[in-house]
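Biologist: Could you take me through the charged pairs in this model, close up, and then the spots around them? I'd like one part looked at properly rather than a quick tour.

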Amino acid sequence: RLSGLGPWEVVASGSAGGAVGVVQPVAQLPSEAPKEAQVLLVETMTGWEDIPANIHAILLPAGQAVDTLSHVAIRARNQEVLLASCDEDQQLQQLRQMKGQNLRLQVSATGEVTWQATSEKSKLK
């Protein structure tokens, strides 16, 4: 933080929205596209995963950050999926507690990921 950077490392940027889901091991990523848009908090990731349709964001703990040239990072950019890791567990815990709620996420020009609850369900991409 001495450099003035925030807790987020954004690998694939953009705005996203959907219902918050929490996935422990990466094997629990849905193999089929969920019916509604989702924002996933994924506790473990290798970087080799495919991203099912209708996943609009994947958020990770900093210890699971993926390389910008990893398979999943390239897929995220191509599919316009927000992919970011956070080194502040307090922020991730706030998101975990919002499981099932609809959120709208934004990435600022400085790389900060912000969110707000919304009653609207996100549309399919």
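Modeller: Let's start with Arg 96, which counts as buried because its relative accessibility is 18%, and the cut-off for buried is under 20%. Keep in mind that this is a predicted model. Arg 96 forms a salt bridge with Asp 89, and the closest N and O atoms of that pair are 3.4 Å apart. Asp 89 is partly exposed, with a relative accessible area of 48%. Arg 96 has another partner too: its side chain meets that of Glu 43 in a salt bridge, 2.8 Å from N to O. Glu 43 lies in the loop between β3 and β4, while Arg 96 is in helix α2 (residues 89-96), so this pair ties together parts that are 53 residues apart in sequence. Put the two bridges side by side and you get one network, in which shared partners join Glu 43, Asp 89 and Arg 96.

As for the general idea, side chains of opposite charge can pair when their charged atoms come close.

Now stay with Glu 43 for a moment. Its relative accessibility is 16%, so Glu 43 counts as buried, and the same word applies to Arg 96. The 2.8 Å approach between the side chains of Glu 43 and Arg 96 also qualifies as a polar contact. What else does Glu 43 touch, leaving aside its neighbours within four places in sequence? Besides Arg 96, Glu 43 is in contact with Val 22, Val 23, Gln 24, Pro 61 and Gln 64.

How many salt bridges turn up in a search of the whole structure? The search finds three. Two have come up already, Glu 43 with Arg 96 and Arg 96 with Asp 89. There is also Asp 50 with Arg 75, where the closest N and O atoms are 3.5 Å apart. This pair links distant parts of the chain, with Asp 50 in the loop between β3 and β4, Arg 75 in helix α1, and their positions 25 residues apart in sequence. Asp 50 counts as partly exposed because its relative accessibility is 45%. Arg 75, at 35% relative accessibility, is partly exposed as well.

While you're in that loop, have a look at Asn 54. Asn 54 is found between β3 (38-42) and β4 (55-61), and its phi is near 75°, a positive value in a residue other than glycine. That's worth a second glance, because most residues other than glycine have a negative phi. Is Asn 54 buried or exposed? With a relative accessible area of 9%, Asn 54 is buried.

Glu 80 shows a positive phi as well, about 55°, although it is not a glycine. You'll find Glu 80 in the loop between α1 (71-79) and β5 (82-86). Its relative accessible area is 59%, so Glu 80 is exposed.

One more stop, at Asn 102. Asn 102 lies in strand β6 (residues 102-107), and at 15% relative accessibility it counts as buried. A polar atom of the Asn 102 side chain lies 3.4 Å from the backbone nitrogen of Ala 19.

If you're colouring the picture by burial, then, Glu 43, Asn 54, Arg 96 and Asn 102 go in as buried, Asp 50, Arg 75 and Asp 89 as partly exposed, and Glu 80 as exposed.

Technical notes
Residues numbered from 1 in each chain as written. Predicted model: local features only at pLDDT ≥ 70, side-chain atom pairs only at ≥ 80, totals over all residues. Heavy atoms only, no water. Helix = DSSP H or I, 4+ residues; strand = E, 2+ residues; numbered from the N terminus. Buried < 20%, exposed > 50% of the residue type's maximum accessible area, 1.4 Å probe, protein only. Polar contact = N/O pair within 3.5 Å; in protein donor to acceptor, adjacent residues only side chain to side chain. Salt bridge = Lys/Arg side-chain N within 4 Å of Asp/Glu carboxyl O. Contact = heavy atoms within 4.5 Å.
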